[in-house]
Amino acid sequence: MIIGVDAGALSISDDRLKVGVYRVTKNALEAIALIDKKNNYRLYTFQAIEEGIVERFGGRVEVVQLPKLGWQRVWLPFELKKHPVDAFLGFAQALPSVSTLCDIGFIYDLGFMYRPDVYGASAATLKRQTDTLVGRADHIITISQATKADVIRRYHGLTKTVSVAYPGVDRRFSPAGEKYSGGRPYFLFVGSLTKTKDIPRLVEAFAGLNTYDLYLIGGDYWPDPEIDEAIKTFHLGDRVKKLGFVSDEELPNYYRGAVAFVTTALQEGFCIPAVEAMACGTPVVALGRGALKEVVGEGGIIISQKSDFTEAMRSMTEKKTRDGFVKKAIEQAKKFRWEQFGEEILHQIRKARPSKI
């Protein structure tokens, strides 16, 4: 059996963009390679992918490199029609126009429907792709119960089956290891510095605390200009530090050293950084938007009003309060494993093609 995979996210060479879909695609394929020792895989990309992923499949994988311009609408459908596959995994929240007998579409969140103004020109593209995916998929996998409910609510009369597969956390994210220490104690945000993360509101909430720093780790490929404006407005130039991209080798140290992981994101389909933080023994303070309440559980403080965020951060600076969340955070993070993510994908293919896999 040949399973086709939209691996376009793995074609990314700019480290600032190696988040979100890139992480899901990479880790899902690594998990599948460990579980499935029988089937062959065909990865469609638009430039060379990093070493290591292909090798994990032990010769059962073929990489098909297609032109980037017209990738989704022209070249991928053309290639699938010319060389059909038995199943297809649409990791990019999109499916090509040529169908297989088992098309699995992945939907991470529908934030672009809530706030198209924040997503800008990409909102229309994301909606078109997602609408098409819902129409073509044989099965839809979401990454949280919150997103599943959102999909069912937004797409009235949905006849496709929808399941949940939680993303996991890499084993390098654990309480054991060095802690970063940069002088003052600090709160930590990890993620892309885009408008969707609403970081200016986080900076505003942080302004109510003294003697602490706020570290912002993440790519600035599509930077929100209001972040710098907020830092200037609240005179926090010496206490809010934008560290840019940090490698996965260094990132656990920053998580372990932080008072808490903090986020005021407008919508989260899951939030991998929150789970990475909890796996490192760092509690979370977050606005309860999207899946955050579901994902964080008792591993942190989830609030409903932005006006309460400063107080929630302040309470986490109290040793007794923070210590009470540390063990719960570690236990909560154990619920999320990439192996389970891979198993759910293979389970859905087995259901559709029982005689093949």
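Me: Why are strand β1 (residues 2–6) and strand β4 (residues 87–90) said to pair?

Reply: Two strands pair if DSSP finds at least two bridges between them. β1 and β4 have three bridges, in the parallel sense, so they count as a pair. Gly4, for instance, has Phe88 in β4 as its bridge partner. The names follow DSSP runs numbered from the N terminus: strands are E runs of at least two residues, helices H or I runs of at least four. Keep in mind that this is a predicted model: local features need pLDDT of at least 70, side-chain atom pairs count only at pLDDT 80 or more, and totals for chains, interfaces and linings use all residues. Residues are numbered from 1 along each chain as its sequence is written, and side-chain values use heavy atoms, leaving out hydrogens and water.

Me: What makes β3 and β7 (161–164) edge strands?

Reply: The open sheet has seven strands in the order β3-β2-β1-β4-β5-β6-β7, with parallel pairing. β3 and β7 each have a single partner strand, so one side of each has no neighbour in the sheet.

Me: How do you know that Phe270 and Phe336 form an aromatic pair, and why is it called edge-to-face?

Reply: Rings of Phe, Tyr and Trp (its six-membered ring) pair if their centres lie within 6.5 Å; planes under 30 degrees apart are stacked, over 60 edge-to-face, and the rest tilted. The structure holds 19 aromatic pairs. In this one the centres are 5.3 Å apart and the planes make 85°, so both cut-offs are met and the label is edge-to-face. The pair links distant parts of the chain, 66 residues apart.

Me: Why is Gly58 called exposed?

Reply: Exposed means over 50% relative accessible area, buried under 20%, and partly exposed in between (1.4 Å probe, protein chains only). Gly58 has 64%, so it is exposed. Its place is in the loop between α2 (53–56) and β3 (61–65).

Me: How do you know that Ile227, Ala230 and Ile231 lie on the same side of helix α9?

Reply: These three residues are buried, in a helix that runs over residues 226–233. The arc, taken from the directions from the helix axis to the C-beta atoms, is only 100°, which puts them on the same side of α9. The face turned away carries the exposed residues Lys232 and Thr233.

Me: What makes us say that the charged end of Arg154 sits over the ring of Tyr114?

Reply: A charge sits over a ring if NZ of Lys or CZ of Arg is within 6 Å of the ring centre and within 35 degrees of the ring normal. For Arg154 the distance to the centre of the Tyr114 ring is 4.5 Å, so the distance cut-off is met.
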